[in-house]
Amino acid sequence: MPSQQDDPPVSEAEIKQENDDGIDSVLVVGAGTMGSGIAQVVAEAGLRVAWYDTSATAVETGLGRIEAAWRRGIEKGRRSEAEVAAFRPRIVPAVDVAVAAATADLVIEAIVEERPVKRSLFGMLSESAPARAILASNTSSLSITEIAGATERPGQVIGLHFFNPVPVLPLVEIVRGLRTSDDTVERSVALCLRLGKTPVVVNDAPGFVSNRILMPMINEAIVTLSDGVATREAIDDVMKLGMAHPIGPLALADLIGLDVCLHILDTLQNDFGDDKYRPAPLLRRMVAAGLLGRKSGEGFYRYDRER
Ligand SMILES: NC(=O)c1ccc[n+]([C@@H]2O[C@H](COP(=O)([O-])OP(=O)(O)OC[C@H]3O[C@@H](n4cnc5c(N)ncnc54)[C@H](O)[C@@H]3O)[C@@H](O)[C@H]2O)c1
């Protein structure tokens, strides 16, 4: 939880004392929606963050997003200037991902949801990171066991599934692959607690618990819209006001990113071999048209450009 304005910043000595997971230095790979939130909460918890993205501008844009969040925190009295001054230098952009991995205790991957791209990254990380380092993926749906299979250390590969917006939502769904060791699970749980999050450990399966349940609902909301049953606002209102959801499924799809939703549904359909997860044709068309939700400025709703 954010500290009050008059709380003293956490000292380095206190951070070291609390640390029983052996993790001081984290490499975050990917500087999109999720990588930004993850880098922010990790730095706020007192750890050092090296931050890498293949896009030359993504880390800079992400740093701007984090800085804006910290400024809002100061304006609203949730953060002090001193706290933010202590957070800032903890995040350092990385130019070479292999070099950055060589000094990381933990790598958190938050790149594009594509199996071959993630497997290739994990293969490289397995060669570059120190022997004890944990390699974590923020994947929404891909098999942790399969990602671990691209490495020489499957016992130290785990899913750390954060939720969007990361600084706000308490859950981290910790996904245990077939060969993930107890030690890796225990250290990951301890780390999530240090980040102020609530870890829930689940086993590896397509979509884990969260997206196996959430994505069929979002998909059905999109089919309901394209069938002309109701307007986008009416669909969202029914779920908010009748089912006590804080946000409607179409607005939530925009927040998650329609491309991310499509990738997850494709994975569920392919990995379960069950057409009940078939993505709505309207979702596929919108992604093809570049209507990705908040991050592109338009999805089911229109937004002011966020990046
Ligand atoms: N968006 C959500 O609500 C959400 C929630 C939970 C988990 N996830 C998962 O988190 C991951 C990232 O999602 P996002 O929404 O932040 O995506 P995004 O599209 O906002 O950002 C992805 C970033 O990864 C970078 N990238 C792509 N390939 C790379 C590589 N090989 N090395 C380094 N950087 C690379 C891209 O340049 C981009 O900046 C995905 O696996 C997604 O499924 C997303």
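User: Hello! How far is a polar side-chain atom of Asn 138 from an oxygen atom of the ligand?
Analyst: Happy to help: in this predicted model, local features need pLDDT of at least 70, side-chain atom pairs count only at pLDDT 80 or more, and totals for chains, interfaces and linings use all residues. Residues are numbered from 1 along each chain as its sequence is written, and side-chain values use heavy atoms, without hydrogens and water. The pair is a polar contact (N or O atoms within 3.5 Å). The distance from the Asn 138 side chain to the ligand oxygen is 2.9 Å.

User: Which residue offers a polar backbone atom to a nitrogen atom of the ligand?
Analyst: Asn 164 uses its side chain instead, with a polar atom 3.3 Å from a ligand oxygen. The backbone partner, at 3.4 Å from the ligand nitrogen, is Thr 54.

User: What share of the ligand's exposed area does the protein bury?
Analyst: Areas are Shrake-Rupley values with a 1.4 Å probe. Taken alone, the ligand exposes 840 Å², and the buried part of that is 86%.

User: Why does the ligand lie between two domains, and which are they?
Analyst: The bounds come from an automatic or database domain assignment. Both domains give residues to the shell around the ligand, so it lies between domain 1 (12-203) and domain 2 (211-295).

User: Is the peptide bond from Asn 164 to Pro 165 cis or trans?
Analyst: Most peptide bonds are trans. Pro 165 sits in the loop between S6 and strand S7 (171-176). With omega near 0°, the bond from Asn 164 to Pro 165 is cis.

User: What is the phi of Phe 208?
Analyst: Most residues other than glycine have a negative phi. Phe 208 lies in the loop between strand S8 (198-203) and helix H9 (210-226). Although Phe 208 is not a glycine, its phi is positive, at about 55°.

Key:
A polar contact is a pair of N or O atoms within 3.5 Å; within protein, one must be able to donate a hydrogen and the other to accept it, and residues adjacent in sequence count only if both atoms are side-chain atoms. Helices (H or I, at least four residues) and strands (E, at least two) are DSSP runs, numbered from the N terminus.
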